Amino acid sequence: MLGIHGDNAPMNTEHPAFVWTIAGSDSGGGAGIQADLATIQDLGCHGCCVITTVTAQSSVAVTLVEPVSAAMLMAQLTTLLSDLPPKAIKIGLLADQTQVALLADWIASFKIHYPSVPVIVDPVMVASCGDALAVDNCQDIKSAAKSALDFKPFKGLIELITPNVLELGRLTHSDVSTKAQFAAAALALSQSLDCSVLAKGGDVSFGCTDILDDTHAQTHANALDTAYKSNGWDLELAEDYLVCRQVRASSELHQNGRFWLASQRVNARHNHGSGCTLSSAIAAVLAQGFVLQDAVVVAKAYVSQGLSAAIGLGQGPGPLARTGWPNNLFCYAKINLCDGNFISHQLSQRLDVRSDLVATDQVRIASTPPQNILSQGFKVLDADLGVYPVVGDLTMLESLLAAGVKTVQLRIKTDISQLTTAAPAESDLGKPVLSRCESGKSKSGEPELIGSELGAQIQTAIALGKHFNAQLFINDHWQLAIKHHAFGVHLGQEDLAVADLAAIQAAGLALGISSHSYFELLLAHQCSPSYIALGHIFPTTTKQMPSAPQGLAKLKHYVALLQDHYPLVAIGGIDLDSLAKVKATGVGNIAVVRAITKAKDPLAAFAELSQAWEQCSLSEELAVKHELDAKHE
C-alpha cells in the first residue's frame with residue numbers, strides 16, 4: 001500500500017496536521033473542495049472543508065452556482081474550530097462580496113487566537129471551461145464574468161494570494177499582457193493587500209491551453225512563440241512570479257525577495273483544477289512547518305507532476321493526477337532572483353567591505369551571478385564524507401588531520417581577538433562575515449578586520465591540508481581560498497549571493513553550500529556544488545536563528561530529493577545520542593561542531609562519532625539485506 005508521500009513506506013500513523021479548505025463544491029470532482037481534499041490528503045494532512053458555494057458542474061460546463069446562506073457559512077466555521085483547529089487555511093471560490101466580508105471579519109477574529117496560522121487565497125473567478133463562478137448576487141453567470149470581487153477586506157489578514165493572469169488583471173485593473181506588466185501588477189497587488197503574491201503565468205495563453213491539438217499545431221505554436229517572446233514570455237516555460245512580503249521564519253535574504261519560478265511547460269489538456277490543487281498544496285506544505293517559499297516550490301512541482309500524469313475522465317479536461325510528495329528534482333522550478341530586491345541590492349553594498357578581508361595584497365574579484373558559472377559544475381566528491389568536523393583553530397585542525405581525518409572545514413572568526421581560540425557556533429555556519437563581527441569595531445562602527453593575520457592562518461591551514469592529503473574546506477573566505485589554492489570553499493546563502501562562483505570554479509576548488517529549506521537547497525542545486533549541507537537539524541544553543549530547526553522529517557524529504565545528485569551533509573546539534581535517528585533519514589554524512597570542539601578529548605570524540613556512524617551504516621546495510629532475502633524466500 002502506498003504511503004501518503006507516494007513511496008512504498010507504511011502509511012503515516014502520526015497525528016496529521018489539519019488543513020481547512022474554504023471553497024466551492026465541484027459536482028464533477030475535478031476542482032474546488034473535491035480537488036483540495038484529495039491534494040491535502042495526498043500530501044500527508046487531514047482535510048476539513050467549509051463549503052461556500054454549490055455548483056452544478058461537469059468537465060465541460062457550469063450550469064448553476066448557488067451560494068450557501070450566511071448562517072450556514074458561519075456555522076461550518078464555528079463548528080470546525082471548536083474541534084479541529086487548522087494549521088493552515090486555503091480559501092477558494094467565494095460566491096459574492098457578502099461572503100468576502102463575512103470571511104474577512106471571521107479571519108480577523110481567528111487571527112487574534114491563532115496569529116501564526118497561514119491563510120492562502122486563490123481568487124477563483126472563472127472555471128477551467130470558461131464559465132464564471134462568482135455570481136455577485138446575480139444568477140446571470142455570463143455577465144458576472146465581467147465583474148470581479150473586491151478582496152481588499154483581506155488586507156493584512158492573509159499570507160498569500162495566488163491569481164492567474166486573468167485574475168491578476170482584474171484584481172489590479174491593469175493590462176498584464178507583457179511580462180513586465182505582469183510583474184508590476186503582482187508587486188502592486190502585494191502592496192495593496194499587504195501580503196505575498198504568487199502570480200501564476202502558466203495560463204499566459206489566456207485560456208488557450210490545448211494549443212498543440214490544433215491541426216496546424218506547429219504553425220500555431222510558432223506564431224504564439226513569436227508573440228510571447230515579443231512580450232518577454234517564453235512559450236516553453238510556465239513562469240510564475242513570487243513576491244514575498246515579510247515572510248515569517250524565512251532567511252533575511254528571502255523574506256522580502258522577488259523571484260521568477262520557471263518550470264518546463266506541460267501542454268496538458270487535462271488540467272482541470274490546477275489552480276485549486278496548487279493553492280491547497282501550498283497550504284498542506286505550510287501546515288507541516290515549511291516556510292512559504294518552500295511551500296510554493298513544492299506545490300509547483302506537485303502540480304507539474306500532476307499535469308504530466310493526468311488522464312481524461314469525462315468529455316472535457318480531466319483533473320490532475322495525485323502523485324504524492326514530489327521527489328523528482330527535475331519537476332522543481334528554476335529560481336531566478338530579480339534585480340532590485342534585497343539580495344542583489346543590500347549584499348552588493350557589502351562586497352567591497354568583504355573584499356578587504358584579503359588585506360595587504362588583496363584579491364578583488366567582481367561578483368558573478370550563479371547562472372554564469374561554467375556548465376559542468378564544481379569538483380565531484382566521493383559521496384562518503386562520513387563524519388565531517390568543522391573547527392575554528394589551527395591547533396585542533398592539525399591534530400585532527402594528523403589523526404587521519406580526510407575531510408574537514410576551517411571556519412575562522414574575523415575578530416582578531418578570537419582568531420586562534422574560538423570554536424565556531426553551529427548556528428553561525430554559513431552566516432555572512434559581517435553579521436558575525438560583534439567586536440573589533442572602528443570608530444565608524446565598521447569591523448576592524450586584520451587581513452594579514454587572517455590570510456596567514458588560512459595559508460597555514462591550506463598547507464596542512466595538502467601535507468596530510470585531506471579535503472580541507474575554507475568557510476566564507478573564498479578570495480583567500482583561491483589565492484592560496486585551497487581544496488575547497490564552503491559558502492552560506494548570503495555569501496553565495498555575492499561570491500564569484502566562476503572564479504572559484506576556474507581555480508579548481510570544490511564548493512560546499514549551506515541550505516536551510518527547500519528554497520535554499522534549490523538555489524544551491526542551481527550552482528551544481530560539490531556537496532550540499534542541510535541544516536540546522538536540531539536546536540542550537542549558541543545563537544538564535546531566523547529559521548526553526550529543520551528536524552528529521554524535513555531532512556528525510558530533502559534526502560529523498562537530492563540523494564541521487566549530491567553528497568549530502570546533515571548539520572546542527574548532532575551528537576552521539578542522535579546519530580542513529582539522523583542516519584535513518586538516509587543522509588550519508590554529518591558535520592559536527594560542538595560534539596568535537598567542546599569535547600574534553602576532541603580526537604577521542606571524533607573517533608567515537610566515526611565508529612558509531614559506521615556502525616549505523618552497517619546496521620542499515622544488514623537491514624536492507626535481510627529485507628531482500630525475505631522477499632526472495
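Let's start at Arg 269, which sits in the loop that runs between strand 9 (258-264) and helix 8 (274-287). Helices here are DSSP runs of H or I with at least four residues, strands are runs of E with at least two, and both are numbered from the N terminus. Arg 269 is partly exposed, at 34% relative accessible area; buried means under 20%, exposed means over 50%, and partly exposed covers what is in between, using a 1.4 Å probe and protein chains only. Although 41 residues separate Arg 269 from Ala 310 in sequence, their C-alpha atoms are 8.7 Å apart in space.

A word on the model itself. It is predicted, with local features requiring pLDDT of at least 70 and side-chain atom pairs counted only at pLDDT 80 or more, while totals for chains, interfaces and linings use all residues. Residues are numbered from 1 along each chain as its sequence is written, and side-chain values use heavy atoms, leaving out hydrogens and water.

Stepping back to the whole protein, you will find 20 helices and 18 strands. Of its 633 residues, 56% count as buried. Taking contacts (heavy atoms within 4.5 Å) with a separation of 6 or more, 69% are between residues 24 or more positions apart.

Now for some helix pairs. Two packed helices are described by the angle between their axes and the distance between the axes. Axes here are lines fitted to C-alpha atoms, for helices over the stretch in contact, and angles run from 0 to 180 degrees between N-to-C directions.

Helix 8, which follows the loop of Arg 269, packs with helix 9 (residues 292-308) at about 140 degrees, with the axes 8 Å apart. The two are therefore oblique to each other: angles under 35 degrees count as roughly parallel, over 145 as roughly antiparallel, 65 to 115 as roughly perpendicular, and the rest as oblique. Their crossing is right-handed, a term used if the near helix is turned clockwise from the far one by less than a right angle, with anticlockwise giving left-handed. On the helix 8 side, the residues that meet helix 9 include Leu 278, Ala 281, Ile 282 and Val 285, and among their partners in helix 9 are Ala 295, Val 296, Ala 299 and Lys 300. By class, this contact has 12 nonpolar, two polar and one charged residues, where Ala, Val, Leu, Ile, Met, Phe, Trp, Tyr, Cys and Pro count as nonpolar, Asp, Glu, Lys and Arg as charged, and the others, Gly among them, as polar.

Helix 8 also packs with helix 1 (residues 32-42), here at an angle of about 40 degrees and with axes 9 Å apart. That pair is oblique too, and helix 1 passes helix 8 in a right-handed crossing. Gly 32, Ala 35, Asp 36, Thr 39 and Ile 40 of helix 1 meet Cys 276, Thr 277, Ser 280, Ala 281 and Ala 284 of helix 8. The class count for this contact is five nonpolar, four polar and one charged.

For another arrangement, look at helix 2 (residues 70-81) and helix 3 (residues 97-113), whose axes come within 11 Å and cross at roughly 25 degrees. That makes helix 2 roughly parallel to helix 3. The residues that meet include Leu 73, Met 74 and Leu 77 from helix 2, and Leu 103, Trp 106 and Phe 110 from helix 3. This contact has nine nonpolar, one polar and no charged residues.

Further along the chain, helix 12 (residues 451-467) has 17 residues and spans 24 Å from first to last C-alpha, close to the 24 Å expected at 1.5 Å times one less than its number of residues. Its buried residues, including Leu 454, Ile 458, Ala 461 and Leu 464, pack against helix 11 (394-402), strand 12 (407-410), strand 13 (471-475) and helix 13 (478-483).

The backbone around here deserves a look. Most residues other than glycine have a negative phi, and most peptide bonds are trans. Just after helix 12, Asn 469 takes a positive phi of about 55 degrees. Asp 476, in the loop between strand 13 and helix 13, has a positive phi of about 75 degrees and is buried at 3% relative accessibility. His 485 also has a positive phi, about 60 degrees, but is exposed at 56%. Finally, the peptide bond from Gly 535 to His 536 is cis, with omega near -15 degrees, and His 536 lies in the loop between strand 16 (531-534) and helix 17 (551-562).
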